[in-house]
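Here are a few exercises to work through with the model open beside you. Try each task before reading its solution.

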Amino acid sequence: MEKINYKLKKRTNEIEIPQNLGFGKVFTDHMFVMDYNENKGWHNPLIKPVENLSLHPATMFFHYGQGIFEGLKAFKTIDGEPVIFRPEDHIKRFNNSARRLCIPEVDPDFLLNAIVELISLEKDWLPSKKGEAIYIRPFIFGTDPFLGVKPSSTYKLIVMLSPVGAYYAEGFKPVKILVQNDFVRAVRKGMGECKYPGNYAASLLAQEEAHEKGFTQVLWLDGIEQKYIEEVGTMNIFIRFKDEIATPELSGSILPGVTRISVLKILNEWGMNATERLISIDEVLAEYDKGNVLEIFGTGTAAIISSVGLLNYKDRDLTFGKDEPGELAIKLFNEITAIQYGEKEDSYGWLTYVEKLKESV
Ligand SMILES: Cc1ncc(COP(=O)(O)O)c(C=O)c1O
């Protein structure tokens, strides 16, 4: 693979990270870009200033949606070290999404090194307050200027960085979730397990309707029977029953979350009964009525853990925790964030230390 080239911006003054970062509104100065064609494969890797793209109006991605993305985070540890949380797992999922969309895969080690280079270059953008991070957004899209339906023969890969605060405006407060009954997000053997832009476009109308009714997010049911719970907005979901913490099994329509497998690992380590299985919404209602549903929480890179305070299904409200996050949700949030910010030993080996990896290459 070629060496990364650099075309860097001259910094004239100190970087000032805005106080109120929000999510995905602020971007760092540089991005990583790389091109693909059939002769050269992935080539011309370059770190350069963030700038607008110039694309032909027939660019295939605009018309037929052949694109994928990822979302992972870098943190500043309490010792001031930039670290990335489980980048290998995100890159693996990126390549799984690529295969499903006929997009050429990327050498995982090369992409990891490119992300590490970019974070190292932009490390002054790393906010240091707990809850804040740099959100890393790699994406690929088909660039042939062609209106026929076929896989593109050329692609562009970009990695951009966005310093972020807490995902939900409410902070770590319980969220209100509407169980979606009118639309479906994805079906088995479709694209649900890929990080594919169309899945997010498919979710917008339901999300807008949920927001209008005062809910934070939507809980999707399976696309065939609308019987089994799948995932929430941009999170996987866990139900804490009396004797079991269950999450929907990966059926092909659910995104296999990196936070999801981290939570399963921690729960197993804590000796708790964590299961992956089909969970019907009727089971949740029946067990709630018996007092057996203790808490519900979502897991995802953006919010890490998000406690559910209210779940609405067909005009029925299930409530949890009287406006306070669930006990297990808090414990998991504290455990994962303690690892991410280097407050606790990374016994699972989930962190990539940016400067250490750079030195070893
Ligand atoms: C649809 C969907 N489900 C689940 C997740 C959680 O995945 P992860 O924990 O890897 O962020 C995300 C976020 O990436 C998502 O977009």
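The exercises below look at one helix and at some backbone angles in this predicted model.

**Exercise 1.** Work out whether the end-to-end distance of helix α4 agrees with its number of residues.

*Solution.* Start with the count: α4 covers residues 197-212, which is 16 residues. Next, take 1.5 Å a residue; the expected span is 1.5 Å times one less than the number of residues, so α4 should span 22 Å. Finally, compare this with the end C-alpha atoms, which are 23 Å apart, in agreement with the expected span. Do look along the helix as well: α4 has a kink of about 40°, centred on Leu204.

**Exercise 2.** Find the buried residues of α4 and the strands they pack against.

*Solution.* Use a relative accessible area under 20% as the cut-off for buried. That picks out Asn199, Tyr200, Ser203, Ala206 and Ala210 in α4. Then follow their contacts: the buried residues of α4 pack against β4 (67-69), β9 (175-179) and β10. Just past the helix, Gly214 follows α4 and has a positive phi, near 95°.

**Exercise 3.** Locate Cys102 and Gln226, and describe the phi of Cys102 and of Gln226.

*Solution.* Begin with the background: most residues other than glycine have a negative phi. Cys102 sits in the loop between α2 (87-100) and α3 (108-121), and its phi is positive, about 55°, although it is not a glycine. Now turn to Gln226, in the loop between β10 (217-221) and β11 (229-232). Gln226 is not a glycine either, and its phi is positive, near 50°. As a last step, check accessibility: with a relative accessible area of 24%, Gln226 is partly exposed.

Methods: Residues are numbered from 1 along each chain as its sequence is written. This is a predicted model: local features need pLDDT of at least 70, side-chain atom pairs count only at pLDDT 80 or more; totals for chains, interfaces and linings use all residues. Side-chain values use heavy atoms; hydrogens and water are left out. Helices (H or I, at least four residues) and strands (E, at least two) are DSSP runs, numbered from the N terminus. Buried means under 20% relative accessible area, exposed over 50%, partly exposed in between (1.4 Å probe, protein chains only). The bend at a residue is the angle between axes fitted to the seven residues ending there and the seven starting there. Contact means heavy atoms within 4.5 Å.
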